[in-house]
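The following walks through a model, first by its charged side-chain pairs and then by its strands. Please keep the sequence and the coordinates in view while reading.

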Amino acid sequence: ADVDRARDQGRIALFYLFQNSTQFGRDLDTVDVFYGLGVRSSQITYNWQNWAGAGCDEENGSGLTRFGHELVEKMNDVGMLIDLSHAGMRTMADTIAASSRPVIISHTCCKALYDHSRNTTDENMRATADKGGLVGITQMRPFMTRQIDNAVHVYYEHIEHAIDVAGIDHVC
């Protein structure tokens, strides 16, 4: 609605988001503060462990922490969109299960096609779709293939695979 209103008024709309949840510290009241300032989405983790859970490059693979569960509940309560890009697979699965609202994985590729730490399993893509969320396929070549030249077709293979797993209404 905010974007539509800005468009109708000939104004520019900006979408503020965080690519980690470290800015919340361990104080859930900061979710309200940032939401009040216009932040509408935050990732749970970046690549490494934080208070909420394990990122995709953490070796321990732990899932959503106790604080992470509280953070998911708080984000759901205020209407802040949860982004699971960069989350470890267990953290991702735990967050999808814990969230009462749809979540997104805004930029990823398919682990079934290319085993990279930033890519998402079929199980987590399907669970995201089952919750009404979206999976965004990124054009980051290192996440898709080792092939350097003539690799555009690989991007479309990831999109097609994600559609086969999550359904066309849940892939962007």
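Asp32 and Lys74 are joined by a salt bridge in which the closest N and O atoms lie 2.8 Å apart. This contact links distant parts of the chain, since Asp32 belongs to helix α2 (residues 29-36) and Lys74 to helix α3 (residues 66-78), with the two positions 42 residues apart in numbering. Asp32 has a relative accessibility of 35% and is classed as partly exposed. The model is a predicted one, and the distances and accessibilities quoted here should be read accordingly.

Side chains of opposite charge can pair when their charged atoms come close. How many salt bridges does the structure hold? There are four, including the one between Asp32 and Lys74.

Another salt bridge is formed by the side chains of Asp2 and Arg5, with an N to O distance of 2.3 Å. Here both partners sit in helix α1 (residues 2-8), three residues apart, which is about one turn of the helix. Asp2 is partly exposed, at 48% relative accessible area. Arg5 is also partly exposed, at 43%.

Lys111 and Asp115 supply a further salt bridge, with 3.2 Å between the closest N and O atoms. Lys111 is partly exposed because its relative accessibility is 21%, and the buried class ends under 20%. Asp115, at 65%, counts as exposed, the cut-off for that class being over 50%.

The strands come next. Is strand β2 (residues 39-43) mostly covered or mostly open? Strand β2 is mostly covered, with four of its five residues buried.

On one side of the account is strand β1 (residues 16-18), which pairs with β2 in the parallel sense through three bridges. Within this pairing, Leu17 has Ser41 of β2 as its bridge partner. Helix α2, which carries Asp32, takes part in this arrangement: β1, α2 and β2 form a β-α-β unit of right-handed sense.

Strand β3 (residues 81-83) is also joined to β2, again by three bridges, and the two strands run parallel. Ser41 stands opposite Leu81 of β3, and Ser41 is also the bridge partner of Leu17. A right-handed β-α-β unit is made by β2, α3 and β3.

Strand β2 thus belongs to the unit with β1 and α2 and to the unit with α3 and β3. The helices of these units, α2 and α3, are the ones that hold Asp32 and Lys74, the pair with which this description began.

Terms used
Residues are numbered from 1 along each chain as its sequence is written. This is a predicted model: local features need pLDDT of at least 70, side-chain atom pairs count only at pLDDT 80 or more; totals for chains, interfaces and linings use all residues. Side-chain values use heavy atoms; hydrogens and water are left out. Buried means under 20% relative accessible area, exposed over 50%, partly exposed in between (1.4 Å probe, protein chains only). Two strands pair if DSSP finds at least two bridges between them. A crossover is right-handed if, with the strands pointing away from the viewer, the path from the first strand over the helix to the second runs clockwise.
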